[in-house]
Amino acid sequence: MTTTTTTTTDQYIDYPTLLSPTFSPSTFTRTLITQTNHPHEPLDLTTPLSRVLFDLQEIDTTLHTLTTTSSALLLQHTSSTTRASTTLLSSITSQTATLNTAYARLHREVIERSERAEDLLLVVQNLHSTTALLREACRGVVLGRQVERQVLDFETGDWSAMVRCCFSLLELGRLLEAQPESVDLLRALRERVYAPTRSSIISRAREIISTFSLLSSIPDAAGAGVAAQAARPPTPTARQKLSTTLQSLSLLSSPDLLAALRTLLQTHIAASTSLLTRALTSLTTLDRALAEVSLRCQSIAAVEGYLDGVGLSQSVLAELDMRRLTTGFWRGVAAGWEPRVRDVMVRGGASARILRAGKEKVREGVRTCVIRGMGGRGDAEVGEAGLELAVMVGALGSLGR
């Protein structure tokens with residue numbers, strides 16, 4: 001009887017629907033209402049509600065029956081699970097206590113020591129920075145005194161000390177640039193030693209280079225005296241002075257070196273053009289003017305030779321966009337002299353007639369002037385002066401053939 005009742009109940013209750021993972025209460029309710037009501041009759045919820053309540057009662061009865069009949073097994077399972085949980089909890093508690101003890105030891109021996117070590121490390125780093133700054137400041141003071149001593153040396157005639165002073169300034173400048181400006185001692189070194197000394201050497205070197213000339217004096221007689229003077233080389237002191245100033249200026253400021261050389265060229269070009277222009281109206285002074293121009297060219301050539309001696313010739317000529325400094329000199333002189341010659345010939349008069357009559361003499365004088373200016377020893381020597389000679393003789397094109 002019991003089996004029949006259970007089977008009937010099982011068949012009555014739709015367990016597959018209620019146990020389905022996709023079970024939807026709204027869908028189940030809608031289906032139940034549709035099954036218990038006629039579409040053309042008023043809606044009656046009594047029957048579906050009674051059925052649901054009946055199903056709940058049947059399920060509750062089934063659960064009660066199952067738990068009653070299987071109570072011994074359930075109690076046994078519960079007891080076994082409780083014992084296993086107690087054993088597991090005891091093991092976990094013991095391991096947790098061990099872990100807590102290990103963490104406390106780790107915190108005491110590592111973390112606390114690490115925190116103290118970080119403070120100590122910060123102190124050591126600050127001391128190291130202070131020591132390094134003091135070391136650099138001491139080194140700066142030594143370099144500053146070295147610079148002052150070297151300045152005194154080249155001011156008393158030892159021009160080689162100027163190059164050594166420039167190297168010391170470069171080293172001092174790198175030191176000052178790498179250190180903070182907040183240190184009073186380093187700021188004083190910059191303002192009282194580095195900056196004024198560097199500026200003074202640059203200014204002095206620019207003046208020496210831009211005003212360099214082999215024209216110590218021009219005899220009153222004529223060009224023979226000037227030409228003879230051109231053969232005398234500069235004194236060793238003058239050579240050292242020019243060589244060291246060229247090297248010093250290249251170390252401290254390459255743009256200032258280029259500017260000084262441009263000024264040197266412009267000064268000698270302007271003076272030579274003026275001399276030759278005045279000689280156009282008085283050929284008696286032409287030989288003397290040409291002799292002085294050749295000596296001015298030799299001054300330019302001497303500077304170029306010293307540039308080559310200190311290894312600066314190629315870089316400087318590349319920056320100035322010139323094959324040689326002397327080439328730039330003769331081109332500048334020719335460019336300034338050619339329109340003056342043309343003006344004299346266009347105006348005519350006695351000066352034009354004298355020039356036209358003595359054009360061969362003028363050309364030969366210019367030829368000799370260029371060759372001697374380029375370092376030749378005789379009128380027949382051309383050598384590397386071919387281009388410069390063509391430029392200068394070309395400036396006399398207005399005289400005719």
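**A guided reading of a predicted helical chain**

The span of residues 238–363 is 87% helix and 0% strand, and its end C-alpha atoms lie 34 Å apart. UniProt, in an unreviewed entry, lists these residues under "domain: Conserved oligomeric Golgi complex subunit 5 helical". The same kind of annotation, again from an unreviewed entry, covers residues 18–147 as "domain: Conserved oligomeric Golgi complex subunit 5 N-terminal". Over residues 18–147 the chain is 88% helix and 0% strand, with end C-alpha atoms 102 Å apart.

The model is a predicted one, and confidence should be considered before details are read. The mean pLDDT of the chain is 86, and 90% of its residues reach 70 or more. Confidence is highest in helix H10 (residues 254–280), at a mean of 95, and lowest in helix H8 (residues 223–230), at 44. Over residues 217–231 the pLDDT is below 50, yet this stretch has 23 contacts in the model beyond near neighbours in sequence. Residues 1–9 also stay under 50, and for them the model has one contact beyond four places in sequence.

Let us begin in the N-terminal part of the chain. Thr 31 is found in helix H3 (residues 25–36). Because its relative accessibility is 39%, Thr 31 counts as partly exposed. Its C-alpha atom is 9.8 Å from that of Pro 48, a residue 17 places away in sequence. Helix H4 (residues 46–69) contains Leu 53. On the surface, Leu 53 joins Leu 49, Val 52 and Leu 56 in a nonpolar patch, and together these residues have about 360 Å² of accessible area.

A second threonine offers another setting. Thr 197 is placed in helix H7 (residues 184–210). With a relative accessibility of 15%, Thr 197 counts as buried, since buried means under 20%. Leaving aside residues up to four places away in sequence, Thr 197 touches Val 147, Val 151, Cys 165 and Leu 169.

Charged side chains form further links, and the structure holds twelve salt bridges. One of them joins Arg 206 to Asp 256, with the closest N and O atoms 2.9 Å apart. This pair connects distant parts of the chain: Arg 206 is in helix H7 and Asp 256 in helix H10, 50 residues apart. Arg 206 is partly exposed, at a relative accessible area of 29%, whereas Asp 256, at 18%, counts as buried.

Another salt bridge is formed by Glu 388 and Arg 323, whose closest N and O atoms are 3.0 Å apart. Glu 388 lies in helix H16 (residues 386–394), while Arg 323 lies in the loop between helix H12 (313–320) and helix H13 (325–347), so the pair ties together parts that are 65 residues apart in sequence. Glu 388 counts as buried, at 1% relative accessibility, and Arg 323 counts as partly exposed, at 47%.

What separates Arg 363 and Glu 360 within helix H15? The two residues are three places apart in helix H15 (residues 359–373), and therefore about one helical turn lies between them. Their side chains meet in a salt bridge of 3.5 Å, N to O. Arg 363 is buried, with a relative accessible area of 17%, but Glu 360 counts as exposed, at 51% relative accessibility.

Finally, salt bridges may be joined in a network, as they are for Glu 136, Arg 139 and Glu 171.

Technical notes:
Residues numbered from 1 in each chain as written. Predicted model: local features only at pLDDT ≥ 70, side-chain atom pairs only at ≥ 80, totals over all residues. Heavy atoms only, no water. pLDDT = per-residue confidence, 0-100. Helix = DSSP H or I, 4+ residues; strand = E, 2+ residues; numbered from the N terminus. Contact = heavy atoms within 4.5 Å. UniProt positions renumbered as here; feature names shortened; annotations may be inferred. Buried < 20%, exposed > 50% of the residue type's maximum accessible area, 1.4 Å probe, protein only. Patch = residues over 30% accessible without salt bridge, like charges linked within 9 Å, V, L, I, M, F, W, Y side chains within 5 Å. Areas by Shrake-Rupley, 256 points an atom, 1.4 Å probe, with all protein chains shown as cover. Salt bridge = Lys/Arg side-chain N within 4 Å of Asp/Glu carboxyl O.
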